[in-house]
Amino acid sequence: MIKQDYLLRMIQEIITLLVNALLNRQKIRKESWVEYDDITRQILGVPSENLVDMSADEIIDRYKDDPNQMGKTELAAVTMLKISDEMGDEQLVLKSKLKQDGLALLEYVQTKGDTFSIQRVVLIAQLKG
């Protein structure tokens, strides 16, 4: 129980940092990104660069039996969104795909999850706007 609570807290901290960076259009320094990526890889079980090749459905399926399903799904979503945000316009198709998949995952968590998050609502609204 303590381990799961700690994991949930870690997931929420990373989500909050990434969402704040997205909402404020801030770039993440390379050193900080390496740290986030390492923690994200440990939590999700895949490096963030592998998320680029995954669809929203694949991510949902990957965590469907996990007790931290919604937290991991949301972490994958905001990581995809931040990767998209950091991409240049020369990768427009991949950037768009990541944004769409990230939005779909956030909407999935919003409708299927049992937690409410103002920052999630604001981010979804910004992505749709």
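**Stop 1: the largest pocket.** Select Leu22, Arg25, Leu81, Ser84, Asp85, Lys95, Ser96, Lys99, Leu123, Gln126 and Leu127; these residues line the largest pocket of this predicted model. Three elements each give two or more residues to that lining: helix 5 (69-86), helix 6 (92-112) and helix 7 (118-128). Show all three as cartoon. The space inside the largest pocket comes to about 230 Å³. Now colour the lining by residue class. You should find 4 nonpolar, 3 polar and 4 charged residues.

**Stop 2: helix 6 against helix 7.** Keep these two helices and hide the rest. Two packed helices are described by the angle between their axes and the distance between the axes. Here the axes of helix 6 and helix 7 come within 10 Å. They cross at roughly 140°, and the crossing is left-handed. Which residues make the contact? On helix 6, pick Lys99, Leu103, Leu106, Glu107, Val109 and Gln110. On helix 7, pick Arg120, Val121, Leu123, Ile124, Leu127 and Lys128. By class, the residues of this contact divide into 7 nonpolar, 1 polar and 4 charged. Leave Lys99, Leu123 and Leu127 highlighted. They belong to the helix 6 and helix 7 contact, and they also line the largest pocket.

**Stop 3: the second largest pocket.** Bring the whole chain back. Then select Leu8, Met70, Gly71, Asp114 and Thr115. Of the 13 residues lining the second largest pocket, these are the closest to its centre. The volume of this pocket is about 180 Å³. Which element gives the most to the lining of the second largest pocket? Helix 5 does, with 4 residues. Helix 1 (2-23) and helix 5 each supply at least two residues. Helix 5 is therefore worth a second look: it also gives two or more residues to the lining of the largest pocket. Colour by class again. The lining of the second largest pocket has 4 nonpolar, 6 polar and 3 charged residues.

**Stop 4: the whole chain.** Zoom out and colour by secondary structure. The count is 7 helices and 0 strands. Read along the sequence, the pattern is α-α-α-α-α-α-α. The radius of gyration is 14 Å, close to the 14 Å that the globule rule gives for 129 residues, so the protein is as compact as a globular protein of that length. Finally, switch to the C-alpha trace and turn it along its principal axes. The trace spans about 45 × 30 × 25 Å.

Key
Residues numbered from 1 in each chain as written. Predicted model: local features only at pLDDT ≥ 70, side-chain atom pairs only at ≥ 80, totals over all residues. Heavy atoms only, no water. 1 Å grid on protein atoms, 1.4 Å probe; cavity = no way out; pocket = protein on both sides within 12 Å on 5 of 7 lines; lining within 4 Å. Points joined across faces, edges and corners; volume = space filled by probe spheres on them. Nonpolar A, V, L, I, M, F, W, Y, C, P; charged D, E, K, R; others polar. Axes fitted to C-alpha atoms, helices over the stretch in contact; angles between N-to-C directions. Left-handed = near helix turned anticlockwise from the far one by under 90°. Contact = heavy atoms within 4.5 Å. Rg over C-alpha atoms; globule rule 2.2 N^0.38 Å.
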